[in-house]
Amino acid sequence: MRKLRKHLLNLALGELAAAFCFLVVYKIYLDFGLASLLALSFLVFILFQGVLYWVYRAYSTGKLKPSLMLKTLIVLRSTNLILAVLVIVLLIMLSQNKRDLIVGMLIYVFFMIEYINYYWYRLSYGKSGFNIKLLIQAGLQPSSIHKLLKRK
């Protein structure tokens, strides 16, 4: 049980590290303007939800069932859709130039892929992560967050 909890907490730490790396890379290489920063903020927001999920899973392996974390994930699932629409509008309004808008839209697409991967369908298969061949063979499977929230 302890080994499983440690593995799940490592997954949470990996999501947190990814969020931090995205922020650092953006600041060093991609600081194009408000639109791209907004899209990146939204991506980091979804990555923090991944952290929340893995921490929930780690602590729900024992007798403790962190219901507040689960309720938060339920609320965030709906909130993300509203924010996704709002972010599209704000991306267009806040873009300072075409490059800022294009980078913002690319980051937004990555956010949408992560959102689908977290809350709807598992898009990563195998040890290498995204493997289109395995994805086609296995078909779209519900994500683990989707299965969890469906039971609640």
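Which residues of helix 1 are buried? In this predicted model, they are Leu8, Ala12, Glu15, Ala19 and Tyr26. The legends below begin with the whole chain and then take up single regions.

**Figure 1. Overview of the predicted chain, with 6 helices and 2 strands.** Along the sequence, the elements follow the pattern α-α-α-α-β-α-β-α. A box of roughly 50 × 35 × 30 Å, taken along the principal axes, is filled by the C-alpha atoms of the chain. The chain has 152 residues, of which 35% count as buried. Of the contacts between residues at least 6 apart in sequence, 67% join residues at least 24 apart.

**Figure 2. Helix 1 and what covers its buried residues.** Helix 1 spans residues 2-30 and has 29 residues. From its first C-alpha to its last, helix 1 reaches 40 Å, close to the 42 Å expected at 1.5 Å a residue. Leu8, Ala12, Glu15, Ala19 and Tyr26 are its buried residues. Their cover includes helix 2 (34-60) and helix 4 (98-119).

**Figure 3. Phe32 in the loop between helix 1 and helix 2.** Not counting residues up to four places away in sequence, Phe32 touches Tyr26, Gln96, Asn97, Arg99, Asp100 and Val103. One of these, Tyr26, is also among the buried residues of helix 1. Ala17 lies 15 residues from Phe32 along the chain, and the C-alpha atoms of the two are separated by 23 Å.

**Figure 4. The salt bridge between Asp31 and Lys27.** The closest N and O atoms of this pair are 3.0 Å apart. A search of the whole structure finds 1 salt bridge. Asp31 has a relative accessible area of 42% and is therefore partly exposed. For Lys27 the relative accessible area is 56%, so this residue counts as exposed.

**Figure 5. Leu94 of helix 3 and its contacts.** Helix 3 covers residues 67-94, and Leu94 is found in it. With a relative accessible area of 32%, Leu94 is partly exposed. Leaving aside neighbours within four places in sequence, Leu94 is in contact with Leu34, Ala35, Leu38 and Asp100. Leu94 and Leu34 are 60 residues apart in sequence, while their C-alpha atoms are 5.9 Å apart in space. Asp100 is also one of the residues that Phe32 touches.

**Figure 6. Two of the aromatic pairs, Tyr53 with Trp54 and Phe111 with Tyr115.** The structure holds 7 aromatic pairs. The rings of Tyr53 and Trp54 have centres 4.9 Å apart and planes at 65°, so this pair is edge-to-face. Tyr53 and Trp54 are both buried. In the pair of Phe111 and Tyr115, the ring centres are 6.1 Å apart and the planes are at 25°, so the pair is stacked. Why are Phe111 and Tyr115 separated by about one helical turn? They are 4 residues apart in helix 4. An α-helix has 3.6 residues a turn, so residues three or four places apart point the same way. Phe111 is buried because its relative accessibility is 0%, and Tyr115 is buried with a relative accessible area of 2%.

**Figure 7. A cluster of linked rings.** Phe42, Phe45, Tyr108, Phe111, Tyr115 and Tyr119 are joined into a cluster by ring pairs. The stacked pair of Phe111 and Tyr115 belongs to this cluster.

**Figure 8. Arg77 over the ring of Trp120.** The charged end of Arg77 sits over this ring, 3.9 Å from the ring centre.

**Figure 9. The two sides of helix 6, buried and exposed.** Helix 6 runs over residues 144-151, and its residues Ile145, His146, Leu148 and Leu149 are buried. These buried residues cover an arc of only 165° around the axis, so they are on the same side of helix 6. On the other side of helix 6, Lys150 and Arg151 are exposed. What do the buried residues of helix 6 pack against? They pack against helix 2, helix 3, helix 4 and strand 2, the last being residues 141-142.

Technical notes. Residues are numbered from 1 along each chain as its sequence is written. This is a predicted model: local features need pLDDT of at least 70, side-chain atom pairs count only at pLDDT 80 or more; totals for chains, interfaces and linings use all residues. Side-chain values use heavy atoms; hydrogens and water are left out. The expected span of a helix is 1.5 Å times one less than its number of residues. Buried means under 20% relative accessible area, exposed over 50%, partly exposed in between (1.4 Å probe, protein chains only). Contact means heavy atoms within 4.5 Å. A salt bridge is a side-chain nitrogen of Lys or Arg within 4 Å of a carboxyl oxygen of Asp or Glu. Rings of Phe, Tyr and Trp (its six-membered ring) pair if their centres lie within 6.5 Å; planes under 30 degrees apart count as stacked, over 60 as edge-to-face and the rest as tilted. A charge sits over a ring if NZ of Lys or CZ of Arg is within 6 Å of the ring centre and within 35 degrees of the ring normal. The arc is that of the directions from the helix axis to the C-beta atoms.
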